[in-house]
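Open the model in your viewer and keep the selection tool at hand. The tour moves from one selection to the next and says what is there each time.

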Amino acid sequence: MSAILQVTELRKSYAGVHALDGVSFAVEAGSVTGLIGPNGSGKSTAIDCISGFQKRDSGEVVLAGNDITGLPAHQIARAGLMRTFQTVRIYERLSLRDNLAIAAQQFDPATWIDEFLRTRRYRQAVDKAEVRARELVELIGLKRYWEIETGILSYGQKKLVALAAALMPHPKIVVLDEPVAGVNPTRIREIEVALAALNRAGETFLIVEHNVEFITNLCHRVIVLDQGKKLAEGTAAEIHTDPRVLEAYLGMTPEMAEAEMRGAA
Amino acid sequence: MKLAIALIAALAFAALPLLTSSNYIIGVGISALIFTVAAAALNLIYGFTGLLSFAQLGFWGIGGYVTALTVVTFGGNFWWGVLWAALVNAVVALAIGYPTLRTNRHAFVIMTLTFALLVTLIARDWVDLTRGPLGIPNLPKPSAFGYHFATTAQYYWVAWAFSVAMLGFLYALCSSRIGRTLVAIKQNEPLVRAQGIAPMPYKLSAFAISAAVTGAAGGVFTFHLGIIDPLFLDFYYMQTFLIIVIIGGAGSFWGVVAAGIALSALPEMLRFSADFRMIIYGVILVVAMFVMPTGVAGWLRERQIARMREQLR
């Protein structure tokens, strides 16, 4: 396996406060990588800087061999990095179908001239996107909402729509910002299963999340941030027993954590 | 279905001069057609893209003056005048849109309003070019292929053909992927960027197209009036376009077109009571906004969504 996303020495400060203080990590192709840390540890800043939604001060981001450092967000997306947002972002007044169609639109070769003339290239692009959209809708279990405005869906369902939209153009990596925050437990389980299935099908994920159980079940590797620095990195099991992580992130001793895990199981 | 209705409506409108010989009614018809086009252009930038532009009034005025000056001062004909009106406005829109669209939506509103006021000042004070408050009277009616559109009824065909062409163009645009992308930008701009789409070229094009169409509409309307003076930049026009868009339902193409025709005719139909007609007009507007805050199209849409919810239960 090789690194699809390589982040090197990423730095960002707001008015003298170091939100990111030289963070480096890599995401392997085909893996699920978790990015965790207490509130204010720099997780969200990190993915905003990686995806171009914030300007980094210094550092380098390489996606599949291409330097994407400092590019505007839409170019980073075109390079193959799709992301979701912590507060769910979908087009609430468009149908599920249109939500997914727009997500793929920039990635097909059809121009407005093709559309105006209804060329073969346009029809093929639309058909291809439709097939992909139906597949994803099937997977997230929202088939019956196909033609319906997404605004009427529940919060958890909206998160699934955002996930499906991010997957539409077959991205190289999908960055999920708190995919299950505020979602009810049954639905969390569903999202977990869907993500695992997608990963088996070859999708690569970088997930920022607070829900430890979710991260533990899903991630091959976990990176822990604290105060803008990388505190630890390893498998979920390694992270769970790392005393520094327990201290900083969970605020408890290894014994307490042990008890917690037994309780959860 | 919608297109079939639109086609029948367009043909019915074409028949208006055959049904009446009253220049007054035909004049109202011309206003209705032209105002609907200007409102549809405002709908493109405001209803679809979510950018409230008061610059439309400025574009309308520039369009009127450019068309008049092309004919009177520069010796061109009416058709070239309308084309120039569209081109000049597109360029002006690109020039003011490029910096202002980088600001937030509120700043955009203020800056477009300032632009409209600036155009009014130029129309009044650049006397050498615009003849100031005197205006440019006696604008000659156009001719094409040896046919002179001399009377109001004849000029009606010009306005009709222009409106059908412009509305057809705007409909094609709004119902395309470009139109859908504009709606997406209005609803969630960060998401659009995250999906690889740069919003700026879309917003700028929508603004320029909206300006060009509004300007051309202003040109056609000026030659209906036969005179242009700074009153052509009266806020009444902006207000009319905006009311049409809001009552019709911002973001709904057909809602705005229907409202354009209906609301242009409404004040005239209320003439049975000369004293109270504008008051009644105002009351109708206020009641409409209370009952249907998202316009007629929005109201219909909400009912449709309510039905969908019901079915899903």
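In which order do the four strands of the open sheet in chain A lie? The order is S2-S1-S4-S5, and the pairing is antiparallel. Bear in mind throughout that this is a predicted model.

**Stop 1: the open sheet of chain A**

Select strand S2 (17–28) and strand S5 (66–67) of chain A. These are the edge strands, and each of them pairs on one side only.

Now add strand S1 (residues 3–14) and strand S4 (residues 58–63) of chain A. S1(A) and S4(A) run antiparallel and are joined by five bridges. To find one place where they meet, pick A:Leu5; its bridge partner in S4(A) is A:Leu63.

Stay on S4(A) and show its side chains. Which of them point to a buried face, and which do not? The side chains alternate along the strand: A:Gly59, A:Val61 and A:Leu63 point to one face and are buried. A:Ser58, A:Glu60 and A:Val62 point to the other face and are not buried.

Next, follow S4(A) towards S5(A). Two bridges join these antiparallel strands. A:Leu63 has A:Asn66 of S5(A) as its bridge partner, and A:Val62 stands opposite A:Asp67 of S5(A). The two strands form a hairpin with two residues between them, and A:Ala64 takes a positive phi near 45 degrees there.

**Stop 2: strand S3 of chain A**

Select strand S3 (residues 32–36) of chain A. Is S3(A) mostly covered or mostly exposed? It is mostly covered, as five of its five residues are buried. Both faces are covered: A:Val32, A:Gly34 and A:Ile36 are buried on one side, and A:Thr33 and A:Leu35 are buried on the other.

Add strand S8 (residues 205–208) of chain A. S3(A) and S8(A) pair in the parallel sense over four bridges. Within this pair, A:Thr33 stands opposite A:Leu206.

Then add strand S9 (residues 221–226) of chain A. S9(A) runs parallel to S3(A), and four bridges join the two. Here A:Gly34 has A:Val222 as its bridge partner.

**Stop 3: a loop residue**

Select A:Gly182, which sits in the loop between S7 and H7 of chain A. Is A:Gly182 buried or exposed? A:Gly182 is exposed, because 11 other C-beta atoms lie within 10 Å, and a residue counts as exposed at 12 or fewer. Draw a distance from its C-alpha to that of A:Leu225: the viewer should give 22 Å, for two residues 43 apart in sequence.

**Stop 4: the two domains of chain A**

Colour residues 1–80 and 171–265 of chain A as domain 1, and residues 90–170 as domain 2, following the domain assignment. The centres of these two domains, taken over C-alpha atoms, are separated by 27 Å. Where they meet, 14 residues of domain 1 of chain A are in contact with twelve residues of domain 2 of chain A.

Look at the side of domain 1 that touches domain 2. Strand S7 (173–177) and helix H7 (185–200) of chain A each supply at least two residues to it. H7(A) gives the most, with five residues. By type, the residues on this side are nine nonpolar, two polar and three charged.

**Stop 5: where chain A touches chain B**

Show both chains. How many residues of each chain are in contact with the other? There are 23 residues of chain A in contact with 20 residues of chain B.

On the chain A side, select helix H2 (73–78), strand S6 (81–83), helix H3 (96–105) and helix H4 (112–117); these are the elements that give two or more residues. The residues on this side divide into eleven nonpolar, four polar and eight charged.

**Stop 6: chain B**

Select helix H4 (residues 55–72) of chain B. H4(B) has 18 residues and reaches 25 Å from its first C-alpha to its last, close to the 26 Å expected at 1.5 Å a residue. Of the 18 residues, 16 are buried, so H4(B) is largely enclosed by the rest of the structure.

Last, turn to the record. An unreviewed UniProt entry places the feature "transmembrane region" at several spans of chain B, including residues 155–174 and 240–266. Select residues 155–174 of chain B: the span is 100% helix and 0% strand, and its end C-alpha atoms lie 28 Å apart. Then select residues 240–266 of chain B: this span is 85% helix and 0% strand, with its end C-alpha atoms 12 Å apart.

Note on methods. Residues are numbered from 1 along each chain as its sequence is written. Chains are lettered from A and ligands numbered from 1 in the order in which they are written. This is a predicted model: local features need pLDDT of at least 70, side-chain atom pairs count only at pLDDT 80 or more; totals for chains, interfaces and linings use all residues. UniProt positions are given in the numbering used here, feature names are shortened, and annotations may be inferred rather than shown by experiment. Domain bounds come from an automatic or database domain assignment. Two residues are in contact if their C-beta atoms, placed from the backbone, lie within 7 Å. Ala, Val, Leu, Ile, Met, Phe, Trp, Tyr, Cys and Pro count as nonpolar, Asp, Glu, Lys and Arg as charged, and the others, Gly among them, as polar. Two strands pair if DSSP finds at least two bridges between them. The expected span of a helix is 1.5 Å times one less than its number of residues. A residue is buried if 20 or more other C-beta atoms lie within 10 Å of its own, exposed if 12 or fewer, and partly exposed in between; C-beta atoms are placed from the backbone.
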